[in-house]
Amino acid sequence: MASEKVETIVAGNYMEMERAAGGEAADDGGDDHQAGGTASASRRGGGGKTALSSLFWHGGSVYDAWFSCASNQVAQVLLTLPYSFSQLGMASGVVFQLFYGLMGSWTAYLISVLYVEYRTRKEREKVDFRNHVIQWFEVLDGLLGKHWRNMGLFFNCTFLLFGSVIQLIACASNIYYINDKYDKRTWTYIFGACCATTVFIPSFHNYRIWSFLGLLMTTYTAWYLTIAAIAHGQVEGVTHSGPTKMVLYFTGATNILYTFGGHAVTVEIMHAMWKPQKFKLIYLAATLYVLTLTLPSAAAVYWAFGDALLDHSNAFSLLPRSGFRDAAVVLMLVHQFITFGFACTPLYFVWEKLVGVHEARGVALRAAARLPVVLPIWFLAVVFPFFGPINSTVGSLLVSFTVYIVPALAHMATFAPAAARENAVERPPRGVGGWPGMFAANCFVVAWVLVVGFGFGGWASTVNFVRQVDTFGLFAKCYQCPPKH
């Protein structure tokens, strides 16, 4: 069967990486630029690969991929989910988290299937990816042609651009709650400069320790929110009236759509793995863990503060200041730096390919070439500092296509011919009803996200976003800042 052949075809070029993981290779182990079977880590890293650098710097295992997915999936959005619960109500908030978590895992699986299919076809043609990181738009190009490539490139790059913008906005919003000496706009300038240092991280292969620490940070923050809200108790006269308005309801729903749409970097994470074909259920496992963080924290904070969250999109703003809260703020700041790198690294790759330095061996050259990518992100974070509402807008207009609609359509188009289904590297998983079940599930995803996510969600989030612009104006100096006494 084709699924039995892929083990040899796809894994054939990963033997050096596997030896490196087991300590059997020294200088020709992993590649900082990509993990698909190359021996240039020491050349790109500027020195021999030590056991310590391998432990903290060179990651390509299933566990590394799981940490990357779980860490990247929930970052600053953890702080806005109570806000979404106030818009949706408790029951709808829980249901949408479970529903979109499952849907996000499904489309991440589709992306992984298409990556393995593309890679297998290219390696049969003796294409060498030794110094090249495969990206989503290239998968679409190889399987479906240039029009799909252009569509994937537009949605993916635009989403990741605004995803990076959101991380900068979140940094300024969070730090303000422990240091209001500067306004949020000034903090955005400062953290923009800090996040620009991510240009020196070559690829997702080198996020091993950062992904691990990032997940610890969000885990602490989620349980801090849960415990602090329960310990605080319900505020006097608390009300839980949501949902009250259709606009608010669909705005909250699209923020949750955004929450579980963090798999725009799936291809890059897979490419950093020693055996990408093992990715299949990693995103689902990551989502299940993330739900243990998002559901208790959002429910507890909404239970404690109720409708007050409608005017406080950042959960930190309602919790009393303490050492535990300050620790959570600091940890989230570090994690947002990590997530900024996750969102920006694919943009760095695209830019490197455009200017012709993607296969260059010099880290300094590639880092310098990447810097122009940070500048528009910095600027947009200053223009639209609307922490919370911007998540829903990006979710409805960009995430809906980038990681839900396009992957589902691409999977159907790729395997529409009978010959493609017959020779498919990955067969449909058991329990979905074979190819007809796969196509039915994909049609449902496309229809639901197009109507509910993009249609109603786009309308609601755009109305809410415009309302923020009318109220606070562009280049707002300190969005939703409490008056100083």
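**Exercise 1. Describe how helix α9 packs against helix α17, and say which residues make the contact.**

*Solution.* Begin with the geometry: in this predicted model, α9 (residues 146-175) and α17 (residues 389-414) pack with their axes 10 Å apart and at an angle of about 150°. Helices here are DSSP runs (H or I, at least four residues), numbered from the N terminus, and the axes are lines fitted to C-alpha atoms over the stretch in contact, with angles running from 0 to 180 degrees between N-to-C directions. The angle therefore makes α9 roughly antiparallel to α17, a term for angles over 145 degrees.

Next, take the handedness: α9 and α17 cross in a left-handed sense, that is, the near helix is turned anticlockwise from the far one by less than a right angle.

Then list the contact (heavy atoms within 4.5 Å). From α9 the participants include Trp-148, Phe-155, Phe-159 and Phe-162, and from α17 they include Ile-390, Leu-397, Phe-401 and Ala-413. Sorted by class, the contact of α9 with α17 has 18 nonpolar, four polar and no charged residues, where Ala, Val, Leu, Ile, Met, Phe, Trp, Tyr, Cys and Pro count as nonpolar, Asp, Glu, Lys and Arg as charged, and the others, Gly among them, as polar.

**Exercise 2. Characterise the largest cavity by its volume and its lining.**

*Solution.* A cavity is a set of points on a 1 Å grid, over the protein atoms alone, where a 1.4 Å probe fits but cannot get out, and lining residues have an atom within 4 Å of a point. Nine cavities of 30 Å³ or more are present, and the largest has a volume of about 210 Å³, volume being the space filled by probe spheres set on the points.

Its lining comprises 19 residues, with Asn-72, Phe-159, Tyr-258, Gly-262 and Thr-339 nearest the centre. Two or more residues come from each of α5 (62-73), α9, α12 (246-259) and α15 (323-355), and α9 gives the most, with four. The lining of the largest cavity has ten nonpolar, nine polar and no charged residues.

**Exercise 3. Describe the second largest cavity in the same steps.**

*Solution.* The second largest cavity has a volume of about 80 Å³. Of its 14 lining residues, Gly-59, Asp-64, Ala-65, Ser-68 and Phe-204 lie nearest the centre. α5 and α11 (208-232) each supply at least two lining residues, and α5 gives the most, with three. By class, this lining has six nonpolar, six polar and two charged residues.

*Notes.* Residues are numbered from 1 along each chain as its sequence is written, and side-chain values use heavy atoms, with hydrogens and water left out. Local features need pLDDT of at least 70 and side-chain atom pairs count only at pLDDT 80 or more, whereas totals for chains, interfaces and linings use all residues.

Conventions
Angles under 35 degrees count as roughly parallel, over 145 as roughly antiparallel, 65 to 115 as roughly perpendicular and the rest as oblique. On a 1 Å grid over the protein atoms alone, a cavity is a set of points where a 1.4 Å probe fits but cannot get out, and a pocket is an open set with protein on both sides within 12 Å along at least five of seven lines; lining residues have an atom within 4 Å of a point.
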